[in-house]
Number of protein chains: 2
Amino acid sequence: MMSKATQLLTPIKVQDSMEANKPDTATRILDVAERLFVEHGFEATSLRMITQQAEVNLAAVNYHFGSKDALFESVFMRRIGPFVAACLAELDTLEQSGQTLTAEQLVVSFIRPCLALSKDPARGGALFVRLMSRTLVENHRLLREALNQQYSIFVQRYTSAFQRALPQFGAEDIAWRMHFAFSVMFNAFAGNDVLKIFVRSQVVTARDPDMIVKHLVPFVVAGLTAPI
Amino acid sequence: MMSKATQLLTPIKVQDSMEANKPDTATRILDVAERLFVEHGFEATSLRMITQQAEVNLAAVNYHFGSKDALFESVFMRRIGPFVAACLAELDTLEQSGQTLTAEQLVVSFIRPCLALSKDPARGGALFVRLMSRTLVENHRLLREALNQQYSIFVQRYTSAFQRALPQFGAEDIAWRMHFAFSVMFNAFAGNDVLKIFVRSQVVTARDPDMIVKHLVPFVVAGLTAPI
DNA sequence: GTAAGTTTCAAACGCTTGTTCTAAAGTCAT
DNA sequence: ATGACTTTAGAACAAGCGTTTGAAACTTAC
């Protein structure tokens, strides 16, 4: 297997324009695995399902990624870095303006990257948010180990930003409200409509991202800023 | 296998007080399966894990329930009926008072049964709410088929109640806000803290149900009633 | 053209899965 | 105690799982 450093130095291969403009093996595996992990979950997705749909050999997964666990980690890591970076960039821009930030601005700084993600199929579209919500509820090894401290800066930055935006609340109140706020935002973009447990289809099944935002922002901001 | 009708007519068996006051085979399977389905998910829970922990024979699951799928359905159905009934009973009590209901009253009418569930180990404690959130994100066959229309009364009752409590909003706005409200309430009781993706432990890990409610109600009510 | 390195491929490995089968054990009314 | 019925028990089943192997095919550099 090519090392990671070697990969970066390798010149980009020009594809035969005739038959295959499809991406290379590893990328095809990542794309298919991402979709199937979201649709069926980690355990219910077999390597044979992945390799068949990606049109690669069964052994290719273990060759390129080492194991099914490592494949999941690669799928997740491919997206989370750019996503967190996008959120932090939004925060940077806001804070550089010097003005006192509102809760709404902070909410939007998180929602905007979600929205961009939802509209960009090249970055997996809305799949990654759904993958995160699945990964969360499936309580993956990945979350308890590798990932845990690596992106803690995300929560730290938002926590201190919200503490400055909502100085009337104590640290514990802020933590609770952030928990609720991010919970509803994540699930909104992931399309987890709890009420669909009880009825066949809700209005949310349309899932126009702009529509989500339009209704989501007032709800979350009101919840965050409500007097105790 | 005993038919369902026969089961209801069978007199309750007096247990030997000496060694086994543990419940009968089917109940023990249901209890263990409920816990393991919540902990590991449906696919990652094997019948052998269940039967070993329940201290019953492997074949007992297929004998009493027919299949693993049917076992899951039984686990779910055992809880959902009483839960929905509790919510509707709260609604009945409120509406019989004749007064105009507030959004907060409606929120509490849902939260109170969640709270009662969380505090009653005999009814699975907080497990059932977690099971629902897992079932939702795992997109189970059960939800797409059997369950779907059976408890639609739940959503109907809350929808019309919220429409009366918040007459300033249109039907679509109500639907969106209910989607958000129930999303955050479910995830709060299920303990799904999205931010724990990024940091090791949040304040929520304590999970004192009364603490959840104290912070949850103001957030949800503010979100529901916020001007558009 | 040769050799070294990289990637693909088919086949097989040992293991676990849900389910089934048949016999044994237990329960209960007559 | 007999016979009908219900429940438990251990063993086995075919099928699917993640992973490994070794050779073939391809690519790249000299």
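Biologist: How many residue pairs are in polar contact across the interface of chain B and chain A?

Modeller: In this predicted model, the rule finds eight such pairs, both residues being at pLDDT 80 or more. Each pair counts because an N or O atom of one residue lies within 3.5 Å of an N or O atom of the other, with one able to donate a hydrogen and the other to accept it.

Biologist: And what is the count of salt bridges between chain B and chain A?

Modeller: That count is zero. A salt bridge would need a side-chain nitrogen of Lys or Arg within 4 Å of a carboxyl oxygen of Asp or Glu.

Biologist: Which helix gives the largest share of the side of chain B that touches chain A?

Modeller: H11(B) does, with 15 residues. Helices that each supply at least two residues there include H5 (68-96), H10 (152-165) and H12 (209-225) of chain B. By residue kind, this side of chain B has 37 nonpolar, ten polar and ten charged residues.

Biologist: What area is buried between the two chains, chain B and chain A?

Modeller: About 5,900 Å², and carbon and sulfur atoms give 74% of that area. The contact takes 57 residues from chain B and 57 residues from chain A.

Biologist: Why do you say the copies meet through the same surface?

Modeller: Because 100% of the interface residues of chain B are interface residues in chain A too.

Biologist: What rotation superposes chain B on chain A?

Modeller: A rotation of 180°, with 0.0 Å of shift along its axis, and the RMSD is 0.1 Å. The two copies are therefore related as by a two-fold rotation axis.

Note on methods: Residues are numbered from 1 along each chain as its sequence is written. Chains are lettered from A and ligands numbered from 1 in the order in which they are written. This is a predicted model: local features need pLDDT of at least 70, side-chain atom pairs count only at pLDDT 80 or more; totals for chains, interfaces and linings use all residues. Side-chain values use heavy atoms; hydrogens and water are left out. Contact means heavy atoms within 4.5 Å. Buried area is the accessible area (1.4 Å probe) that two parts lose on being put together, summed over both. A polar contact is a pair of N or O atoms within 3.5 Å; within protein, one must be able to donate a hydrogen and the other to accept it, and residues adjacent in sequence count only if both atoms are side-chain atoms. Helices (H or I, at least four residues) and strands (E, at least two) are DSSP runs, numbered from the N terminus. Ala, Val, Leu, Ile, Met, Phe, Trp, Tyr, Cys and Pro count as nonpolar, Asp, Glu, Lys and Arg as charged, and the others, Gly among them, as polar. Copies are superposed by least squares on the C-alpha atoms of residues with pLDDT of at least 70 in both.
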